[in-house]
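Reader: Could you walk me through one part of this model in detail? I would like a close look at the surface that faces the DNA, and at how the protein chains meet.

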There are 2 protein chains.
Amino acid sequence: MEKIKPEIKDTASVLKLLGDNTRLSIVSLVQNHECCVCEFVELLDMSQSSVSQHLRKLRDAGLVKEQRKGHWIFYSFNREHPSAGMVEDILRHVPDQNEKLQQLERDGLRINCD
Amino acid sequence: MEKIKPEIKDTASVLKLLGDNTRLSIVSLVQNHECCVCEFVELLDMSQSSVSQHLRKLRDAGLVKEQRKGHWIFYSFNREHPSAGMVEDILRHVPDQNEKLQQLERDGLRINCD
DNA sequence: TTTTTATATTAGCATATGCTTATATAATAA
DNA sequence: TTATTATATAAGCATATGCTAATATAAAAA
(Lines give C-alpha, C1' and ligand atoms only; values in the text may rest on other atoms or scores of the structure.)
Protein backbone atom coordinates (compact mmCIF):
# COMPACT_ATOMS: atom_id res chain seq x y z
CA MET A 1 0.00 0.00 0.00
CA GLU A 2 1.66 3.15 -1.21
CA LYS A 3 1.54 6.35 0.75
CA ILE A 4 -0.21 9.27 -0.86
CA LYS A 5 2.33 11.51 -2.52
CA PRO A 6 2.25 15.22 -1.73
CA GLU A 7 1.35 17.47 -4.63
CA ILE A 8 4.21 18.58 -6.80
CA LYS A 9 4.05 22.12 -5.49
CA ASP A 10 4.37 20.92 -1.90
CA THR A 11 7.36 18.86 -2.89
CA ALA A 12 8.91 21.82 -4.68
CA SER A 13 8.54 23.99 -1.61
CA VAL A 14 10.30 21.40 0.56
CA LEU A 15 13.12 21.20 -1.98
CA LYS A 16 13.34 24.95 -2.03
CA LEU A 17 13.80 24.95 1.73
CA LEU A 18 16.53 22.34 1.47
CA GLY A 19 18.11 24.20 -1.43
CA ASP A 20 20.17 26.32 0.89
CA ASN A 21 23.50 25.37 2.36
CA THR A 22 22.67 26.36 5.89
CA ARG A 23 19.26 24.69 6.02
CA LEU A 24 20.44 21.52 4.33
CA SER A 25 23.23 21.30 6.90
CA ILE A 26 20.80 21.87 9.75
CA VAL A 27 18.42 19.18 8.55
CA SER A 28 21.30 16.81 8.04
CA LEU A 29 22.50 17.48 11.58
CA VAL A 30 19.13 16.99 13.23
CA GLN A 31 18.35 13.84 11.34
CA ASN A 32 20.15 11.77 13.96
CA HIS A 33 20.68 14.19 16.83
CA GLU A 34 18.87 16.88 18.70
CA CYS A 35 20.72 20.16 18.54
CA CYS A 36 20.18 23.52 20.15
CA VAL A 37 20.62 26.87 18.49
CA CYS A 38 23.98 27.67 20.00
CA GLU A 39 25.34 24.40 18.61
CA PHE A 40 24.25 25.35 15.11
CA VAL A 41 25.86 28.74 15.57
CA GLU A 42 29.11 27.02 16.50
CA LEU A 43 28.96 24.33 13.83
CA LEU A 44 27.88 26.52 10.97
CA ASP A 45 29.89 29.56 12.01
CA MET A 46 26.98 31.88 11.50
CA SER A 47 25.30 34.58 13.53
CA GLN A 48 22.68 33.54 16.05
CA SER A 49 20.12 35.70 14.30
CA SER A 50 20.72 34.16 10.93
CA VAL A 51 20.57 30.62 12.29
CA SER A 52 17.38 31.47 14.12
CA GLN A 53 15.76 32.75 10.96
CA HIS A 54 16.67 29.60 9.07
CA LEU A 55 15.28 27.47 11.90
CA ARG A 56 12.06 29.40 11.80
CA LYS A 57 11.61 28.59 8.13
CA LEU A 58 12.20 24.91 8.77
CA ARG A 59 9.85 24.94 11.74
CA ASP A 60 7.13 26.86 9.88
CA ALA A 61 7.27 24.18 7.21
CA GLY A 62 7.05 21.50 9.87
CA LEU A 63 10.31 19.86 8.90
CA VAL A 64 11.79 20.26 12.36
CA LYS A 65 10.31 20.22 15.84
CA GLU A 66 11.44 22.26 18.79
CA GLN A 67 11.50 21.33 22.44
CA ARG A 68 12.60 23.44 25.35
CA LYS A 69 14.99 21.88 27.86
CA GLY A 70 16.09 24.21 30.60
CA HIS A 71 18.07 27.04 29.08
CA TRP A 72 18.01 25.67 25.61
CA ILE A 73 15.65 24.95 22.80
CA PHE A 74 16.45 21.74 21.00
CA TYR A 75 15.53 21.10 17.41
CA SER A 76 14.96 17.69 15.93
CA PHE A 77 13.85 16.22 12.63
CA ASN A 78 10.11 15.73 12.30
CA ARG A 79 9.57 12.22 10.98
CA GLU A 80 5.83 12.84 10.77
CA HIS A 81 6.18 15.38 7.98
CA PRO A 82 4.50 14.27 4.72
CA SER A 83 7.83 14.64 2.93
CA ALA A 84 9.96 13.11 5.70
CA GLY A 85 10.60 10.01 3.59
CA MET A 86 11.83 12.05 0.67
CA VAL A 87 14.03 14.15 2.92
CA GLU A 88 15.61 11.01 4.33
CA ASP A 89 16.25 9.76 0.80
CA ILE A 90 17.92 13.05 0.00
CA LEU A 91 20.07 12.99 3.11
CA ARG A 92 21.53 9.65 2.07
CA HIS A 93 23.22 11.61 -0.71
CA VAL A 94 24.66 14.23 1.63
CA PRO A 95 28.05 13.83 3.32
CA ASP A 96 27.83 12.80 6.95
CA GLN A 97 27.80 15.65 9.46
CA ASN A 98 28.44 13.51 12.54
CA GLU A 99 32.14 14.19 12.37
CA LYS A 100 31.47 17.84 13.11
CA LEU A 101 29.28 17.00 16.07
CA GLN A 102 31.98 14.74 17.45
CA GLN A 103 34.47 17.55 17.14
CA LEU A 104 32.07 19.75 19.08
CA GLU A 105 31.88 17.07 21.74
CA ARG A 106 35.65 16.87 21.95
CA ASP A 107 35.80 20.63 22.30
CA GLY A 108 33.41 20.37 25.23
CA LEU A 109 30.87 22.54 23.45
CA ARG A 110 28.12 19.97 23.11
CA ILE A 111 25.00 20.76 25.13
CA ASN A 112 23.47 17.83 26.96
CA CYS A 113 20.34 17.92 29.10
CA ASP A 114 19.70 14.23 29.63
CA MET B 1 31.84 0.41 -3.50
CA GLU B 2 30.09 3.63 -2.73
CA LYS B 3 30.05 6.51 -5.14
CA ILE B 4 31.67 9.73 -3.99
CA LYS B 5 29.04 12.07 -2.65
CA PRO B 6 28.97 15.61 -4.02
CA GLU B 7 29.77 18.30 -1.47
CA ILE B 8 26.87 19.62 0.52
CA LYS B 9 26.90 22.92 -1.32
CA ASP B 10 26.64 21.18 -4.67
CA THR B 11 23.71 19.16 -3.38
CA ALA B 12 22.06 22.29 -2.04
CA SER B 13 22.34 23.98 -5.41
CA VAL B 14 20.71 21.02 -7.15
CA LEU B 15 17.89 21.09 -4.60
CA LYS B 16 17.51 24.81 -5.12
CA LEU B 17 17.08 24.21 -8.83
CA LEU B 18 14.44 21.56 -8.17
CA GLY B 19 12.77 23.77 -5.60
CA ASP B 20 10.65 25.43 -8.20
CA ASN B 21 7.35 24.11 -9.49
CA THR B 22 8.15 24.60 -13.13
CA ARG B 23 11.63 23.08 -13.02
CA LEU B 24 10.58 20.15 -10.87
CA SER B 25 7.81 19.42 -13.37
CA ILE B 26 10.21 19.66 -16.28
CA VAL B 27 12.70 17.29 -14.70
CA SER B 28 9.92 14.90 -13.83
CA LEU B 29 8.69 14.97 -17.42
CA VAL B 30 12.09 14.37 -18.99
CA GLN B 31 13.00 11.57 -16.64
CA ASN B 32 11.28 9.07 -18.90
CA HIS B 33 10.66 10.99 -22.12
CA GLU B 34 12.36 13.45 -24.40
CA CYS B 35 10.36 16.63 -24.72
CA CYS B 36 10.76 19.74 -26.81
CA VAL B 37 10.21 23.28 -25.64
CA CYS B 38 6.81 23.70 -27.25
CA GLU B 39 5.58 20.63 -25.38
CA PHE B 40 6.62 22.13 -22.08
CA VAL B 41 4.88 25.36 -23.04
CA GLU B 42 1.71 23.38 -23.68
CA LEU B 43 1.96 21.14 -20.64
CA LEU B 44 2.93 23.77 -18.14
CA ASP B 45 0.81 26.52 -19.64
CA MET B 46 3.64 29.02 -19.47
CA SER B 47 5.20 31.46 -21.88
CA GLN B 48 7.88 30.17 -24.23
CA SER B 49 10.34 32.69 -22.83
CA SER B 50 9.79 31.63 -19.27
CA VAL B 51 10.10 27.93 -20.10
CA SER B 52 13.26 28.64 -22.05
CA GLN B 53 14.80 30.43 -19.11
CA HIS B 54 14.05 27.56 -16.76
CA LEU B 55 15.51 25.10 -19.26
CA ARG B 56 18.64 27.15 -19.46
CA LYS B 57 19.15 26.92 -15.73
CA LEU B 58 18.70 23.16 -15.81
CA ARG B 59 21.03 22.84 -18.76
CA ASP B 60 23.67 25.12 -17.23
CA ALA B 61 23.64 22.88 -14.17
CA GLY B 62 23.97 19.83 -16.40
CA LEU B 63 20.77 18.24 -15.18
CA VAL B 64 19.28 18.05 -18.66
CA LYS B 65 20.78 17.53 -22.10
CA GLU B 66 19.56 19.06 -25.32
CA GLN B 67 19.54 17.59 -28.79
CA ARG B 68 18.36 19.20 -31.99
CA LYS B 69 16.07 17.16 -34.22
CA GLY B 70 14.89 19.05 -37.27
CA HIS B 71 12.78 21.95 -36.18
CA TRP B 72 12.84 21.10 -32.54
CA ILE B 73 15.24 20.93 -29.65
CA PHE B 74 14.56 18.00 -27.39
CA TYR B 75 15.50 17.95 -23.75
CA SER B 76 16.23 14.83 -21.78
CA PHE B 77 17.40 13.91 -18.32
CA ASN B 78 21.16 13.64 -17.92
CA ARG B 79 21.81 10.41 -16.08
CA GLU B 80 25.55 11.19 -15.98
CA HIS B 81 25.08 14.12 -13.61
CA PRO B 82 26.79 13.60 -10.22
CA SER B 83 23.44 14.09 -8.50
CA ALA B 84 21.39 12.06 -10.98
CA GLY B 85 20.85 9.31 -8.44
CA MET B 86 19.53 11.70 -5.86
CA VAL B 87 17.26 13.35 -8.40
CA GLU B 88 15.81 9.97 -9.30
CA ASP B 89 15.23 9.24 -5.63
CA ILE B 90 13.41 12.56 -5.32
CA LEU B 91 11.28 11.94 -8.37
CA ARG B 92 9.95 8.74 -6.83
CA HIS B 93 8.16 11.02 -4.39
CA VAL B 94 6.63 13.19 -7.09
CA PRO B 95 3.26 12.39 -8.69
CA ASP B 96 3.54 10.82 -12.11
CA GLN B 97 3.47 13.25 -15.02
CA ASN B 98 2.94 10.66 -17.75
CA GLU B 99 -0.81 11.21 -17.68
CA LYS B 100 -0.29 14.73 -18.96
CA LEU B 101 1.94 13.53 -21.77
CA GLN B 102 -0.67 10.96 -22.79
CA GLN B 103 -3.28 13.70 -22.91
CA LEU B 104 -0.97 15.69 -25.16
CA GLU B 105 -0.66 12.65 -27.39
CA ARG B 106 -4.43 12.25 -27.58
CA ASP B 107 -4.74 15.91 -28.48
CA GLY B 108 -2.33 15.32 -31.34
CA LEU B 109 0.12 17.82 -29.90
CA ARG B 110 2.96 15.45 -29.20
CA ILE B 111 6.06 16.05 -31.32
CA ASN B 112 7.73 12.93 -32.67
CA CYS B 113 10.85 12.83 -34.80
CA ASP B 114 11.65 9.13 -34.81
C1' DT C 1 17.19 34.40 -51.46
C1' DT C 2 13.26 35.41 -48.30
C1' DT C 3 9.97 33.66 -45.03
C1' DT C 4 8.55 30.89 -41.45
C1' DT C 5 9.10 28.30 -37.30
C1' DA C 6 11.13 27.00 -32.89
C1' DT C 7 13.92 28.52 -29.52
C1' DA C 8 17.13 31.78 -27.06
C1' DT C 9 18.32 36.10 -25.20
C1' DT C 10 17.88 40.69 -23.23
C1' DA C 11 16.02 44.43 -20.44
C1' DG C 12 13.06 45.85 -17.03
C1' DC C 13 10.40 45.26 -13.05
C1' DA C 14 8.16 43.45 -8.81
C1' DT C 15 8.89 40.33 -5.32
C1' DA C 16 11.69 37.08 -2.50
C1' DT C 17 15.78 35.97 -0.05
C1' DG C 18 19.52 36.09 3.37
C1' DC C 19 22.31 38.79 5.88
C1' DT C 20 23.48 42.39 9.69
C1' DT C 21 22.32 45.29 13.51
C1' DA C 22 19.45 46.31 17.08
C1' DT C 23 15.92 45.06 20.15
C1' DA C 24 12.46 41.96 22.38
C1' DT C 25 11.10 37.87 24.88
C1' DA C 26 11.15 34.20 28.06
C1' DA C 27 13.23 31.14 31.24
C1' DT C 28 16.65 30.75 34.77
C1' DA C 29 19.93 32.50 38.46
C1' DA C 30 21.14 35.60 41.94
C1' DT D 1 12.95 41.52 42.45
C1' DT D 2 16.78 42.21 39.07
C1' DA D 3 20.35 40.27 36.11
C1' DT D 4 21.76 36.91 32.98
C1' DT D 5 21.35 33.71 29.28
C1' DA D 6 19.43 31.60 25.10
C1' DT D 7 16.63 32.47 21.54
C1' DA D 8 13.33 35.17 18.61
C1' DT D 9 11.92 39.07 16.08
C1' DA D 10 12.05 43.39 13.39
C1' DA D 11 13.98 46.78 10.25
C1' DG D 12 16.92 47.78 6.60
C1' DC D 13 19.58 46.67 2.72
C1' DA D 14 21.93 44.32 -1.21
C1' DT D 15 21.32 40.68 -4.18
C1' DA D 16 18.67 36.91 -6.44
C1' DT D 17 14.63 35.29 -8.67
C1' DG D 18 10.92 34.72 -12.08
C1' DC D 19 8.00 36.88 -14.89
C1' DT D 20 6.65 39.78 -19.27
C1' DA D 21 7.56 42.13 -23.53
C1' DA D 22 10.51 42.74 -27.12
C1' DT D 23 14.09 41.18 -30.01
C1' DA D 24 17.68 37.94 -31.82
C1' DT D 25 19.15 33.58 -33.73
C1' DA D 26 19.27 29.49 -36.39
C1' DA D 27 17.39 25.84 -39.05
C1' DA D 28 13.90 24.60 -42.45
C1' DA D 29 10.61 25.74 -46.15
C1' DA D 30 9.20 28.35 -50.03
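Author: Happy to! Helices (H or I, at least four residues) and strands (E, at least two) are DSSP runs, numbered from the N terminus. This is a predicted model, in which local features need pLDDT of at least 70, side-chain atom pairs count only at pLDDT 80 or more, and totals for chains, interfaces and linings use all residues. Residues are numbered from 1 along each chain as its sequence is written, while chains are lettered from A and ligands numbered from 1 in the order in which they are written.

Let's start with DNA strand C. H4(B) gives the largest share of the surface near it, six residues. At least two residues each come from helix H4 (48–60) of chain A and, in chain B, from helix H3 (37–44), helix H4 (48–60) and strand E3 (72–77). Of the 24 residues around the strand, those that come nearest are Ser49(A), Cys36(B), Val37(B), Cys38(B) and Ser49(B); near means that the C-beta atom, placed from the backbone, lies within 6 Å. By class, this surface has 13 polar, seven nonpolar and four charged residues. Here Ala, Val, Leu, Ile, Met, Phe, Trp, Tyr, Cys and Pro count as nonpolar, Asp, Glu, Lys and Arg as charged, and the others, Gly among them, as polar.

Now for the chains themselves. Their contact (C-beta atoms, placed from the backbone, within 7 Å) takes 22 residues from chain A and 22 residues from chain B. On the side of chain B that touches chain A, H1(B) supplies the largest share, seven residues.

Conventions:
Contact = placed C-beta atoms within 7 Å.
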